[in-house]
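Here are my notes on this one, written as numbered points so you can follow along in the viewer. Have the sequence open beside the structure as you read.

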Amino acid sequence: MLAGRATALVGAGTQGRRLAYMAKQLSDSVKYIDQLRAASQNPSQRWGEIKTFTSDSLPEGLKDTWLVVECVPERLELKRQMITKLDELAAPETIIASNSSSYSISEIIGGLKLPHERRILSAHCYWPPETSAIELMGHANTDPAIIPLLMEQCRDHGFSPFHVKKDSMGYIYNRIWAAIKREALLTAAEGVATPAEIDAIFKDVLKTPKGPFEQMDVVGLDVVLNIEEHYAEKRKDVPPEPRQYLQQFVKDGLLGVKSGKGFYEYQSSTTYEWGWASAQLSQPLLIQPHLTPEPVSAVERQWLHTIYEGAFETIFGSWMGRHSNPFAELDRHIDEEDAVANTTSEPGASPDLARHEKDTQLNQFLDHAVQSFAARWLPLTQQHSLPGLSQADIVCRLWRRAHTDMLKVINRPSYRSMLTLLLFALTPIPVGISEEEELEGVSGQVCVHAALQQIQTLRARQKSLQFNGTRVNLTNSNRPIGASPASLATANFIIAESTAYWAALTFDTSASLTLNCRPLLSSGLFGFESEPSWRMVQTCIGIFRETTRDWSNLDVDLTDEKANQVIAAGAAWKLLVWKLTANLKESLRDGHDEAEVLRAFSSVSNAIDQFNITYRELLIACQRRIQFFNQETRLRWYELMLHYNLAILMVTDIATATLREDLLSLFSAKRVDAETWVMNCLVFGLNNKYTLRLQSEPAVSDTGIAPIQLASLTVPLIAIDPYPHHVVAAVKLMQHAIERDFGAEKISADAYNNLRCTLKQTLEQLPQVSKSVQTTRAEFETAEFPPQPLSPYTTKSVV
């Protein structure tokens with residue numbers, strides 16, 4: 001980039017390290033310059049392409065740089081001294097930026113005699129890579145060519161740049177945030193509510209992952225106080241009470257996450273929501289030198305796609321509609337509309353080339369995510385790896401490659417990007433990946449949030465569509481109608497777009513139940529009933545009853561096609577049960593009043609009753625004929641019955657964790673029935689086989705590697721289950737159940753041993769390269785008798 005010149009970051013604190021990670025994503029050379037970093041004391045220390053320099057070697061660190069960003073502490077005099085020094089030592093063509101969060105660049109350089117002030121500006125970011133916004137603000141004499149250049153480069157490095165067009169203390173977002181933060185502090189200082197109560201109502205109303213006090217703890221209360229004092233100096237209407245309230249915390253050394261206590265308490269190893277450990281905030285970010293894996297062999301690549309299509313798409317495709325994959329089709333539609341716009345507004349441009357490059361990149365990122373997702377099953381193929389590489393090595397390298405891609409995908413909204421992010425969120429962290437590597441870059445939970453935000457962005461974009469008979473075009477009357485039939489077929493596009501949204505809603509609902517996060521696409525406890533998606537599910541159950549009224553008769557031939565229709569319809573209602581279970585969890589977790597808790601409990605209980613009335617008899621009929629169905633139908637039946645009954649066990653687990661014996665007593669019959677079904681599903685998954693076949697007989701590679709098995713593999717259903725983290729949760733909950741029943745003398749020692757043996761066999765069949773599976777197996781093997789109850793979903797796997 002820019003003739004291979006480096007990016008320099010002065011001040012390798014939290015922001016400096018995060019900026020370095022973003023800069024490294026396009027293989028830039030990155031230089032750290034910091035006085036106090038222990039790792040910087042060794043000038044030969046290298047982390048990939050990141051080199052460290054002490055402040056004494058500043059001239060050497062600035063050599064051959066195109067951009068230098070100061071990230072020193074938020075003190076005006078220190079920043080003025082640093083900008084002066086940088087302007088003196090950096091080459092005249094090097095751009096100099098300040099990352100100050102509250103001081104404008106005009107304030108910083110005001111009164112300074114700077115020979116090259118035209119190359120100086122502000123470049124303020126928030127919490128990269130999770131929060132990608134960056135604000136660029138010049139001063140009166142900033143070279144006007146610099147802003148467009150940095151806007152372009154920021155986009156290439158995964159940022160979302162915003163140009164602050166006038167001098168503004170606090171830029172854009174911080175001006176808005178300052179008012180929220182100040183009123184939150186004032187509300188607490190006046191004793192109206194506690195910080196925890198303010199955060200709770202803030203998150204409940206605005207559906208944000210953090211409240212203002214939680215965010216201030218992450219930033220650091222000393223930093224927040226410095227910023228507030230700066231605002232007070234410049235604005236006479238700023239009340240003193242918020243600063244006085246903060247001063248007491250800072251005086252007592254309560255600075256937030258970095259000190260272990262602020263408005264909340266934190267353990268030394270606490271990781272807050274974005275997955276960056278507080279202990280890591282004072283350490284240099286380590287960039288691995290081998291982020292790009294060696295290519296897998298042709299046979300292994302073919303197997304990875306076969307596994308993905310045979311396992312994941314068999315289930316997820318059924319949930320979305322028969323053989324439905326609308327993501328690429330939707331992207332092509334949007335590209336065609338963009339092509340029309342480019343044709344009319346930029347006659348001399350070549351949109352086809354740019355669109356082709358974008359299309360190629362999106363396909364590559366999706367392909368990398370597919371390979372990383374499927375890599376955990378690579379050992380099943382019994383393939384030899386490339387020379388010098390074990391299969392474990394390949395799994396780690398594929399994960400690293402996809403992990404790196406996420407920073408590029410996260411800010412390129414498209415339907416393929418959405419699927420790429422969700423697939424990576426489903427990909428477990430393999431054994432061999434260090435905690436440092438996990439913390440670098442984007443976590444699985446952030447990928448889920450980013451994917452859901454992308455679907456919202458894409459849906460908002462399509463709201464400008466107007467309908468004209470069987471055709472669709474944009475409301476802009478100056479834009480001609482696209483020539484491609486794909487861009488004109490109203491029904492096909494709208495159905496596909498709705499399918500993509502349903503896919504995102506599936507992930508959103510699952511994540512809100514199995515992770516400690518709130519839904520983004522749907523309301524929580526309040527308001528979800530009126531949302532079209534859930535109303536549609538409730539409407540469809542009536543349509544299904546009419547359609548299948550006579551299917552329970554003994555003389556009806558229950559074919560594969562009819563069985564799949566039952567399974568697909570049941571899966572939609574199963575998702576509603578998961579949604580209602582998540583609402584119950586929210587009501588108990590957030591301390592809602594008893595009437596709301598009972599309403600949430602009644603809703604999920606009634607939904608389970610409706611499932612049993614509508615689908616259960618037909619699903620049992622499918623079970624009776626299950627051996628006559630094809631393997632895909634068997635896998636779908638197994639997956640639905642496991643996930644549906646797992647939701648019931650999670651209701652029980654939620655009630656147990658919150659000591660609601662009254663709810664448990666009302667739910668006991670459903671719990672016993674679900675435990676029976678879950679155990680039977682695990683036995684079914686162990687005893688029934690699934691065969692995967694390569695589409696064509698692969699040739700032996702030129703390396704002379706002779707694969708042991710080339711064309712096919714046959715394994716138990718559980719071994720190929722595309723949601724093994726749900727199987728792990730089922731094993732944990734069933735382990736607790738059999739220990740409870742054995743302790744209460746409801747089952748014999750022989751039955752207990754048989755059941756435990758089934759759970760052990762289940763864990764042995766799951767992909768062993770996953771950290772979560774290995775951890776659960778270790779806990780299972782070393783558990784005392786009777787072991788302590790295990791809680792599901794305690795690993796880092798993301799649904």
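1. Let's start with charges and rings. In this predicted model, the charged end of Arg756 sits over the ring of Phe780, 4.1 Å from the ring's centre. You'll find another case at Tyr231, where the charged end of Arg182 sits over the ring, 5.3 Å from its centre.

2. Staying with rings, how many aromatic pairs does a search of the whole structure find? The search turns up 17. Have a look at Tyr308, Phe312, Phe373, Trp377 and Tyr723, which ring pairs link into a cluster. If you want to describe any pair yourself, you'd give the distance of the centres and the angle of the planes.

3. Now zoom out for the whole protein. There are 26 helices and 13 strands. Of the 799 residues, 55% are buried. Among contacts with a separation of 6 or more, 74% are between residues 24 or more positions apart. As for the outside, the accessible surface comes to about 34300 Å², and carbon and sulfur atoms account for 52% of that.

4. One bit of that surface to click on is a nonpolar patch made of Phe162, Ile172, Ile176 and Ile180, with about 350 Å² of accessible area together. Ile180 belongs to helix H6, which covers residues 173-189. Why does Ile180 count as partly exposed? Its relative accessibility is 32%, so it falls between the cut-offs of 20% for buried and 50% for exposed.

5. Next, two backbone oddities. Asp64 isn't a glycine, yet it has a positive phi of about 60 degrees. You'll see Asp64 in the loop between helix H2 (58-62) and strand S5 (65-70), and it counts as exposed because its relative accessibility is 52%. Glu745 is another non-glycine residue with a positive phi, near 60 degrees. Glu745 is in the loop joining helix H24 (724-743) and helix H25 (749-765), and with a relative accessible area of 72% it is exposed.

6. On to salt bridges. Side chains of opposite charge can pair when their charged atoms come close. The count here is 20 salt bridges. In one of them, Arg616 pairs with Asp673, and the closest N and O atoms are 2.7 Å apart. Arg616 is in helix H21 (residues 594-624) and Asp673 is in helix H23 (residues 661-687), so this pair ties together parts that are 57 residues apart in sequence. Arg616 is partly exposed at a relative accessible area of 24%, and Asp673 is partly exposed at 25%.

7. Glu265 and Lys261 also meet in a salt bridge, at 3.7 Å from N to O. Is Glu265 buried or exposed? Glu265 is exposed, with a relative accessible area of 64%, whereas Lys261 is partly exposed at 35%.

8. Finally, check Asp662 and Arg660, whose side chains form a salt bridge at 2.8 Å, N to O. Asp662 has 35% relative accessibility, so it counts as partly exposed. Arg660 has a relative accessible area of 13%, which means it is buried. Besides single pairs, there's a network too: salt bridges that share partners join Arg671, Glu675, Arg740 and Asp741.

Definitions and conventions: Residues numbered from 1 in each chain as written. Predicted model: local features only at pLDDT ≥ 70, side-chain atom pairs only at ≥ 80, totals over all residues. Heavy atoms only, no water. Phe/Tyr/Trp six-rings, centres within 6.5 Å; stacked < 30°, edge-to-face > 60°. Lys NZ or Arg CZ within 6 Å of the ring centre and 35° of its normal. Patch = residues over 30% accessible without salt bridge, like charges linked within 9 Å, V, L, I, M, F, W, Y side chains within 5 Å. Areas by Shrake-Rupley, 256 points an atom, 1.4 Å probe, with all protein chains shown as cover. Salt bridge = Lys/Arg side-chain N within 4 Å of Asp/Glu carboxyl O. Helix = DSSP H or I, 4+ residues; strand = E, 2+ residues; numbered from the N terminus. Buried < 20%, exposed > 50% of the residue type's maximum accessible area, 1.4 Å probe, protein only. Contact = heavy atoms within 4.5 Å.
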